[in-house]
Amino acid sequence: MTREFSAGGVVVRQMRGRWWLAAIEPAGRSAAGGKAVLALPKGLVDPGEKPEETALREVREETGLATTPVTKLGDIKYVYTRSWAGGERVFKVVSFYLLRYQSGELGEIAPEMRIEVGGARWILLNDAPLQLAYKGEREMAAKALEYVTRNPDVKRP
């Protein structure tokens, strides 16, 4: 079984006295009723790259945001079957990091990334565990909410 390692970011920002999370809309995916699928930015760890570096890069590429690392939230592990390569099964580990918004305009996505990302939006962090499409990502959003609740100094640059 092939193994893949990815990393992603749970980007948080405090606006108007509330915590928000940067979510992406993967290109070409929609839920029942045409509703947008919301996910966290993530991608494969490049050779020679540390997972935290991957998370920062993927967030920048998929959302347009520059961020600052806060802490590692955890890993999601699962097996999937590729729809290409003869239906090969893959064991995947995705490491997620809590990242604080630093600068940038959400949704300023490079044209070459539009094949992967259809859009990006801020959603309330309190609602993210219900709005994100994937179970493991909902768990990471819940961990981020718990972290910022227990560590109010996260909002300081």
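Visitor: Which residues of helix α3 are buried?

Guide: Gly136, Glu137, Met140, Ala141, Ala144 and Val148 of α3 are buried, a term for under 20% relative accessible area, with exposed meaning over 50% and partly exposed in between (1.4 Å probe, protein chains only). The model is predicted, so local features need pLDDT of at least 70 and side-chain atom pairs pLDDT 80 or more, while totals for chains, interfaces and linings use all residues. Residues are numbered from 1 along each chain as its sequence is written, and side-chain values use heavy atoms, without hydrogens and water.

Visitor: What makes these residues one face of the helix?

Guide: Seen down the axis of α3, the buried residues fall within an arc of 145 degrees, so they line one face; the arc is taken from the directions that lead from the helix axis to the C-beta atoms. An α-helix has 3.6 residues a turn, so residues three or four places apart point the same way. Lys135, Thr149 and Arg150 are exposed on the other side of α3. The buried residues pack against β1, β2, β3, β4, β5 and α2, where contact means heavy atoms within 4.5 Å.

Visitor: Why is α1 called a helix, and what span should it have?

Guide: Helices are DSSP runs of H or I with at least four residues, and strands are runs of E with at least two, both numbered from the N terminus. Helix α1 has 13 residues (51–63), so it meets that minimum. The expected span is 1.5 Å times one less than the number of residues, which for α1 gives 18 Å, and its end C-alpha atoms are indeed 18 Å apart. Helix α3 has 16 residues and reaches 23 Å, close to the 22 Å expected. Just after α1, Gly64 takes a positive phi of about 90 degrees.

Visitor: What makes β1 and β5 a pair of strands?

Guide: Two strands pair if DSSP finds at least two bridges between them. Strand β1 (residues 2–15) and strand β5 (residues 89–104) share eleven bridges in the parallel sense, so they qualify. Phe5 stands opposite Val93 in β5. On β4 (residues 65–81), the pairing with β5 is antiparallel, over 15 bridges, and Leu65 has Gly104 as its bridge partner in β5.

Visitor: How do you know that β2 pairs with β1 and with β6?

Guide: Four bridges join β1 to β2, which run antiparallel, and seven join β2 to β6, also antiparallel; each count meets the minimum. Arg13 has Trp20 as its bridge partner in β2, while Pro26 has Val117 in β6. A hairpin is formed by β1 and β2 with two residues between them, and Arg16 in the turn has a positive phi of about 50 degrees. Seven of the nine residues of β2 are buried.

Visitor: Why is Arg82 called buried?

Guide: Arg82 has a relative accessibility of 15%, so it falls under the cut-off and counts as buried. Arg82 is found in the loop between β4 and β5.

Visitor: What makes the link from Arg82 to Glu4 a polar contact?

Guide: A polar contact is a pair of N or O atoms within 3.5 Å; within protein, one must be able to donate a hydrogen and the other to accept it, and residues adjacent in sequence count only if both atoms are side-chain atoms. The side chains of Arg82 and Glu4 are joined at 2.8 Å, so this value lies within the limit. The side chain of Arg82 also makes a polar contact of 2.8 Å with the side chain of Glu88.
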